[in-house]
Amino acid sequence: QVQLEESGGGLVQAGGSLRLSCAASGSIFSINGMGWHRQAPGKQRELVALISSGGSTNYADSVKGRFTISRDNAKNTVYLQMNSLKPEDTAVYYCNANVMAYGSLRYLSFWGQGTQVTVSS
């Protein structure tokens with residue numbers, strides 16, 4: 001079994017910064033892509049940022065230049081540094097990882113429970 005645990009959410013004023021962390025644990029053989037998604041009230045979940053096992057990154061246009069995704073493969077952890085936060089960044093942020101567990105022959109997608117980020121104006 002694999003678990004993803006997020007931390008780092010909270011309340012911040014517009015223009016401020018937050019850093020989210022997501023640690024994967026359990027019977028992990030290998031982790032491929034990792035990423036962050038978010039869901040605002042009344043809206044669909046949307047991709048924020050992705051990072052490959054080799055460090056290649058992709059960002060939603062709305063966060064380019066403000067957010068940075070990174071990972072520590074030794075710790076099975078992915079981070080999201082969020083700067084210049086705006087009220088429209090308010091959402092529940094979920095981490096996601098494609099994980100091959102021991103005894104498995106394929107990668108499966110796992111999700112964290114979500115962490116609330118609220119940006120006040």
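User: In this predicted model, is Asp61 buried or exposed?
Analyst: The relative accessible area of Asp61 is 64%. The cut-off for exposed is over 50%, so Asp61 counts as exposed.

User: Which residue does Asp61 meet in a salt bridge?
Analyst: Side chains of opposite charge can pair when their charged atoms come close. For Asp61, the N to O distance in the salt bridge is 3.1 Å. The side chain on the other end belongs to Lys64.

User: How many residues apart are Asp89 and Arg66?
Analyst: Asp89 and Arg66 form a salt bridge, with their closest N and O atoms 2.7 Å apart. The pair links distant parts of the chain: Asp89 is in the loop between strand S8 (77–82) and strand S9 (91–101), while Arg66 is in the loop between strand S6 (57–59) and strand S7 (67–72). Both residues, Asp89 and Arg66, are buried. Their separation along the chain is 23 residues.

User: Which residues are joined into one network by salt bridges that share partners?
Analyst: One salt bridge in the structure brings together the side chains of Glu46 and Arg38, at 2.7 Å from N to O. Another is formed by Asp89 with Arg66. Through shared partners, salt bridges make one network of Arg38, Glu46, Arg66 and Asp89.

User: Is Arg38 buried or exposed?
Analyst: Glu46, its salt-bridge partner, is partly exposed at a relative accessible area of 37%. For Arg38 the relative accessible area is 6%. Buried means under 20%, so Arg38 is buried.

User: How many salt bridges are found in the whole structure?
Analyst: Among them are the pairs Asp61 with Lys64 and Glu46 with Arg38. The search of the whole structure gives a count of four.

Terms used: Residues are numbered from 1 along each chain as its sequence is written. This is a predicted model: local features need pLDDT of at least 70, side-chain atom pairs count only at pLDDT 80 or more; totals for chains, interfaces and linings use all residues. Side-chain values use heavy atoms; hydrogens and water are left out. Buried means under 20% relative accessible area, exposed over 50%, partly exposed in between (1.4 Å probe, protein chains only). Helices (H or I, at least four residues) and strands (E, at least two) are DSSP runs, numbered from the N terminus.
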